[in-house]
Amino acid sequence: MALVALCVSCEHHRGFESSLLKSETECLRVSGTDIFVYDPLTCQLGYNAALREYRVGTDTMSDYFSVRLSENPREEGQLIDKCQLEWTTPDDMRTMKNLTFEVKKLDEQGRVWLWCKSSKVFVLVRGLQ
C-alpha cells in the first residue's frame, strides 16, 4: 500500500499541479523547480505584442526568462504550438524550442498560465497594455 501511495505521489510531481492556478506571481517552473520568480522590487516585466513575446527579468536583465508564442492566447484549453522559451542559469543560457503550451487560465489583468506537458514547463506571464 505504501508503494502505491509513493508512486501516486511521484506521478503528481511529474504532471500539472492544479495549485499552480492559484499562483498570481509571474514565474518559470521546470520539472517542479522554480527557475525564476518575479519580485516587483527588483524585477521588470516586458511584453512585445508584435512578437507575442513575454519577458520577466531582474532590473539589470542579468537573470531573466522569455517565452515567445506562435499565436496569442485566447481561451483556456487552447494549444499553442511552436513556442520558444529562453532563460538564464548561473552559468549560461538555456533554450527550448518547438514547445506546445496549453493555456490553463487567463484573467482580466492580462496574466496567462501556460503548461507544456511534454517538457514539464509551467509559465505564468502577463501581457502589458
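I'll start at one ring: the charged end of Lys104 sits over the ring of Phe16, 4.5 Å from its centre. Keep in mind that this is a predicted model.

There is a second contact of that kind. The charged end of Lys105 is placed over the ring of Trp113, with 4.6 Å to the ring centre.

Now the aromatic rings themselves. A pair of aromatic rings is described by the distance of the centres and the angle of the planes. How many aromatic pairs does the count come to? It comes to four. One of them joins Phe16 and Phe122, with 6.2 Å centre to centre and 50° between the planes, which makes the pair tilted. Phe16 is in the loop between helix H1 (2-14) and strand S1 (27-30), while Phe122 is in strand S9 (residues 121-126). That puts the two partners 106 residues apart, so this pair links distant parts of the chain. Both Phe16 and Phe122 are buried.

Another pair is Phe36 with Phe65, and here the geometry is edge-to-face: the centres are 5.9 Å apart and the planes make 65°. Phe36 belongs to strand S2 (residues 33-37) and Phe65 to strand S5 (residues 64-68), so this pair ties together parts 29 residues apart in sequence. Phe36 is buried, as is Phe65.

Back to Phe16 for a moment. Together with Trp115 and Phe122, Phe16 forms one aromatic cluster.

Next, the sheet. What is the strand order in the open sheet of nine strands? Reading across, the order is S2-S1-S9-S8-S7-S6-S5-S4-S3, and the pairing is antiparallel. S2 and strand S3 (43-48) are the edge strands; each has a single partner strand, so one side of each has no neighbour in the sheet. From one strand to the next, the twist averages 25°.

For detail on one pairing, take strand S4 (residues 53-58) and S5. They run antiparallel and are joined by five bridges. Glu53 stands opposite Arg68 in S5.

The last residue is Asp107, in the loop between strand S7 (93-106) and strand S8 (111-116). Is Asp107 buried or exposed? Its relative accessible area is 18%, and the cut-off for buried is under 20%, so Asp107 counts as buried. The side chain of Asp107 reaches the backbone nitrogen of Gln109 at 3.0 Å.

That is the end of my part.

Key:
Residues are numbered from 1 along each chain as its sequence is written. This is a predicted model: local features need pLDDT of at least 70, side-chain atom pairs count only at pLDDT 80 or more; totals for chains, interfaces and linings use all residues. Side-chain values use heavy atoms; hydrogens and water are left out. Rings of Phe, Tyr and Trp (its six-membered ring) pair if their centres lie within 6.5 Å; planes under 30 degrees apart count as stacked, over 60 as edge-to-face and the rest as tilted. Helices (H or I, at least four residues) and strands (E, at least two) are DSSP runs, numbered from the N terminus. Buried means under 20% relative accessible area, exposed over 50%, partly exposed in between (1.4 Å probe, protein chains only). A charge sits over a ring if NZ of Lys or CZ of Arg is within 6 Å of the ring centre and within 35 degrees of the ring normal. A polar contact is a pair of N or O atoms within 3.5 Å; within protein, one must be able to donate a hydrogen and the other to accept it, and residues adjacent in sequence count only if both atoms are side-chain atoms. Two strands pair if DSSP finds at least two bridges between them. Axes are lines fitted to C-alpha atoms, for helices over the stretch in contact, and angles run from 0 to 180 degrees between N-to-C directions.
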